[in-house]
Amino acid sequence: KSKEINTDLVGLVDAWGEGFVNELDYRKEAKATKEFSKAMEERQLGSVFAPEVVEELSSMHVLTTKWVDGERLSDSDADDVPRLCGV
């Protein structure tokens with residue numbers, strides 16, 4: 001233990017570990033995906049969305065979404081790209 005470190009290393013590692021484990025639970029990722037799309041719709045940016053989650057084919061270890069045909073913002077010359085990138 002170093003006296004020069006002014007950090008709760010155990011707490012830091014615990015917080016990192018909790019975040020890491022949560023990232024491995026695709027049910028939480030599915031929920032975040034739905035929340036993102038809802039938030040974009042509420043901001044009247046319905047053209048920005050995440051792929052729809054296929055619940056019956058998803059689990060804690062597998063996230064299945066529908067395919068989305070579209071254009072990457074980085075490749076687009078549409079007038080609203082600067083506004084969308086600010087989201």
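Reader: In which order do the elements of the protein run from the N terminus on?

Author: From the N terminus on, the order is α-α-α. This is a predicted model, and everything discussed here is to be read as such. The protein has three helices and zero strands.

Reader: Where do these helices lie along the chain, and what joins H2 to H3?

Author: Helix H1 covers residues 9-23. Helix H2 spans 26-42 and helix H3 spans 81-85, with a loop between them. Ser47 is one of the residues in that loop, and Glu71 is placed there as well.

Reader: How is one to read whether Ser47 and Glu71 are buried or exposed?

Author: The general idea is a cut-off: a residue counts as exposed when its relative accessible area is over 50%, and as buried when that value is under 20%. Ser47 has a relative accessibility of 59% and therefore counts as exposed. Glu71, with a relative accessible area of 54%, is exposed too. As for position, the C-alpha atom of Ser47 is 9.4 Å from that of Ser37, a residue 10 positions away along the chain.

Reader: What share of the residues in the protein is buried?

Author: Of the 87 residues, 17% are buried. The accessible surface of the protein amounts to about 7600 Å², and carbon and sulfur atoms account for 54% of that surface.

Reader: How should contacts between residues apart in sequence be read, and what share of them join residues at least 24 apart?

Author: One takes the contacts between residues at least 6 apart in sequence and asks what part of them spans at least 24. In this protein that part is 32%.

Reader: Why can charged side chains pair, and how many salt bridges does the structure hold?

Author: Side chains of opposite charge can pair when their charged atoms come close. The structure holds five salt bridges. Among them is the pair of Asp25 and Arg27, whose closest N and O atoms are 3.0 Å apart. Asp25 is buried, because its relative accessible area is 8%.

Reader: Which salt bridges join residues of helix H2 that are four residues apart?

Author: Glu35 and Lys31 both belong to helix H2 and stand four residues apart, about one turn of the helix. Their closest N and O atoms are separated by 3.6 Å in a salt bridge. Glu35 counts as partly exposed because its relative accessibility is 44%, whereas Lys31 is exposed at 53%.

Glu42 and Lys38 also lie in helix H2, four residues apart, again about one turn of the helix. The salt bridge between Glu42 and Lys38 has its closest N and O atoms 3.9 Å apart. Glu42 counts as exposed at 58% relative accessibility, and so does Lys38 at 54%.

Reader: Which residues gather in a patch of negative charge on the surface?

Author: A patch of this kind joins like charges on residues that have no salt bridge. Here the patch of negative charge consists of Glu71, Asp75, Asp77 and Asp79. Glu71 was met above as an exposed residue in the loop between helices H2 and H3.

Reader: Which residues make the nonpolar surface patch?

Author: Trp16, Phe20, Val21 and Leu24 make a nonpolar surface patch of about 450 Å². Val21 is located in helix H1. With a relative accessibility of 51%, Val21 counts as exposed, because the cut-off is over 50%.

How values were computed: Residues are numbered from 1 along each chain as its sequence is written. This is a predicted model: local features need pLDDT of at least 70, side-chain atom pairs count only at pLDDT 80 or more; totals for chains, interfaces and linings use all residues. Side-chain values use heavy atoms; hydrogens and water are left out. Patches are made of residues with over 30% relative accessible area and no salt bridge: like charges are joined within 9 Å, nonpolar side chains (Val, Leu, Ile, Met, Phe, Trp, Tyr) within 5 Å. Accessible areas come from the Shrake-Rupley method with a 1.4 Å probe; for residues, only the protein chains shown count as cover. A salt bridge is a side-chain nitrogen of Lys or Arg within 4 Å of a carboxyl oxygen of Asp or Glu. Lys and Arg count as positive and Asp and Glu as negative; His and the chain ends are not counted. The place of a charge is taken as NZ of Lys, CZ of Arg, CG of Asp or CD of Glu. Helices (H or I, at least four residues) and strands (E, at least two) are DSSP runs, numbered from the N terminus. Buried means under 20% relative accessible area, exposed over 50%, partly exposed in between (1.4 Å probe, protein chains only). Contact means heavy atoms within 4.5 Å.
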